[in-house]
Amino acid sequence: AFTCGLEDDKQPCVGFSLGRVSQGLTVVKSPKNCLHVSTEGKEMAEVFEKFIKDNPKWAMYDKISNDGYMRQLTVKNNRKGDIMLCIQLKTDKLGPEGFADFKTEVIKYYESLNNPKIKSISLQQFNGLGNCAPPNLPHELIYGEQYINEEVLGLNFRIHANSFFQTNTYGAEVLYSTVRDWTEEQGTQGVILVDICCGTGTIGLIVKKNSGGNVKKLIGVELVEEAVNDARENAKQNNVEDAEFIAGKAEQKLNNLRLGGGEVIVGIVNPPRAGMGSPAIKAIRAIAGLDKIIYVSCNQTSLVVDAGDLCREQSKTMEGRPFKPIKAVCVDMFPHTEHCEMVMLFE
């Protein structure tokens with residue numbers, strides 16, 4: 001996702017913020033020299049920036065004054081080169097006519113480019129003060145198709161504007177292979193796989209499809225309903241049977257799970273940067289028969305907090321059996337940055 005803002009010279013820029021608003025830093029710089037950004041991403045940032053410069057009435061959003069309109073451009077592209085664009089803007093001062101005018105101008109501009117790679121354009125209205133919109137805030141499709149598709153480890157997945165999907169497909173294959181291998185290490189027939197924060201079902205479907213029959217059932221839980229719909233469709237198009245996906249908060253839906261008895265239950269946890277939080281961890285600890293958890297983390301700070309809750313001794317505030325960490329490995333999903341994905345096994 002690219003931030004819409006102003007450079008040092010007050011010219012519009014679609015790129016990355018150089019710091020935090022709390023530090024008084026609102027300058028945005030071009031991503032053209034960023035090695036970890038795809039060629040398609042850089043190209044689309046430049047194209048949208050030109051649109052803003054050619055249409056100054058659609059001013060960049062100012063995080064300090066809360067004025068302006070353009071907030072963020074998200075670019076999703078697959079290995080085939082297909083591109084999905086998601087434009088987030090502040091509309092409370094635009095009015096219905098102004099918003100309709102913006103949609104018309106955007107469609108006209110991108111159609112004039114005659115770029116066959118651009119498969120989908122959607123808009124998201126967000127009038128809040130924070131940087132992040134609610135995860136289930138809807139998008140409005142204004143051009144092209146609802147989805148693009150990506151192939152990962154032999155399975156084909158559809159990607160919706162509001163669905164989370166790893167930004168680095170090549171790195172994702174290493175990450176998902178690690179989770180798959182650790183699940184296979186259980187070496188047991190009849191595993192029930194519970195995929196928590198499952199998104200479009202990517203990890204769980206890959207593990208089940210490649211389990212050689214060891215995983216007899218997959219249950220995925222995800223907050224964003226569009227992602228759950230994608231997960232169900234992904235299961236169909238990849239011929240993965242006995243896969244159920246549930247929309248809702250993990251702490252609520254996990255409490256209602258009825259998994260039977262006697263089966264080996266393996267949990268996969270892949271939360272957003274904020275982590276799972278104590279209510280969800282309590283629900284995870286309460287799952288009868290859950291003996292192993294494979295935790296995939298993009299933020300080691302929140303992982304430490306969740307790990308503490310998973311391993312905490314049983315008490316009035318933290319019921320259920322405590323787990324202990326067994327092993328961990330880092331996956332370099334974000335080359336040329338200090339960030340990585342951590343995979344940790346708890347038993």
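Helix 1 and helix 2 cross with right-handed geometry. That is in a predicted model, as is everything else I will show today. Helix 2 covers residues 95-113, and the angle between helix 1 and helix 2 is about 130°, with the axes 11 Å apart. Angles over 145 would count as roughly antiparallel and those from 65 to 115 as roughly perpendicular, so this pair is classed as oblique.

Two further helix pairs are on my list. Helix 3, residues 169-184, meets helix 4 at roughly 50°, and their axes come within 9 Å. The pair is therefore oblique, and the crossing is right-handed. Then there is helix 7, residues 278-285, against helix 8, residues 300-311: the angle is about 40° and the axes are 10 Å apart. Roughly parallel would require an angle under 35 degrees, so helix 7 and helix 8 are also put down as oblique. The handedness of the crossing between helix 7 and helix 8 is right-handed.

Back to helix 4 for a moment. How many of its 8 residues are buried? The count is 7, so to speak of helix 4, residues 202-209, as mostly covered is fair. The buried residues in helix 4 are Thr 202, Ile 203, Gly 204, Leu 205, Ile 206, Val 207 and Lys 208. Note that a lysine, Lys 208, is on that list of buried residues.

In helix 8, I picked out Gly 308. Gly 308 has a relative accessibility of 30%, so it counts as partly exposed. Its C-alpha lies 9.7 Å from that of Pro 322, with the two positions 14 residues apart in sequence numbering.

Now the second largest pocket. The space in it comes to about 320 Å³. Which residues are closest to its centre? They are Gly 5, Leu 6, Thr 26, Tyr 61 and Asp 62, out of 21 lining residues. Sorted by class, that lining contains 12 nonpolar, 4 polar and 5 charged residues. As for secondary structure, strand 1 (2-6) and strand 2 (12-17) each contribute at least two lining residues. Strand 1 gives the most, with 4 residues.

Between strand 1 and strand 2 there is a loop, and Lys 10 sits in it. What is the phi of Lys 10? The value is near 70°, which is positive, and the residue is not a glycine. As background, most residues other than glycine have a negative phi. Lys 10 has 61% relative accessibility and therefore counts as exposed.

A second case of this kind is Asn 66, where phi is near 65°, again a positive value in a residue other than glycine. Asn 66 belongs to the loop that runs between helix 1 (39-54) and strand 4 (70-77). Is Asn 66 exposed, partly exposed or buried? With 22% relative accessibility, Asn 66 counts as partly exposed. The cut-off for buried is under 20%, so Asn 66 falls on the partly exposed side of it.

Two loop residues remain, each with a C-alpha separation to report. Asn 270 is in the loop between strand 13 (264-269) and helix 7. Its relative accessibility is 13%, so Asn 270 is counted as buried. Which separations go with Asn 270 and Cys 197? They are 73 residues apart in sequence, and the C-alpha to C-alpha distance is 5.6 Å.

The other is Val 240, which lies in the loop between helix 5 (225-237) and strand 12 (243-247). Why does Val 240 count as buried? Its relative accessible area is 9%, and buried means under 20%. Between Val 240 and Lys 217 the C-alpha separation is 9.8 Å, for residues 23 apart along the chain.

To recap the helix pairs: helix 1 with helix 2, helix 3 with helix 4, and helix 7 with helix 8 are each oblique. On the loops, Lys 10 is exposed, Asn 66 is partly exposed, and Asn 270 and Val 240 are buried. That is what I have.

Conventions: Residues are numbered from 1 along each chain as its sequence is written. This is a predicted model: local features need pLDDT of at least 70, side-chain atom pairs count only at pLDDT 80 or more; totals for chains, interfaces and linings use all residues. Side-chain values use heavy atoms; hydrogens and water are left out. Buried means under 20% relative accessible area, exposed over 50%, partly exposed in between (1.4 Å probe, protein chains only). On a 1 Å grid over the protein atoms alone, a cavity is a set of points where a 1.4 Å probe fits but cannot get out, and a pocket is an open set with protein on both sides within 12 Å along at least five of seven lines; lining residues have an atom within 4 Å of a point. Grid points are joined across faces, edges and corners, and a volume is the space filled by probe spheres set on the points. Ala, Val, Leu, Ile, Met, Phe, Trp, Tyr, Cys and Pro count as nonpolar, Asp, Glu, Lys and Arg as charged, and the others, Gly among them, as polar. Axes are lines fitted to C-alpha atoms, for helices over the stretch in contact, and angles run from 0 to 180 degrees between N-to-C directions. A crossing is left-handed if the near helix is turned anticlockwise from the far one by less than a right angle, and right-handed if clockwise.
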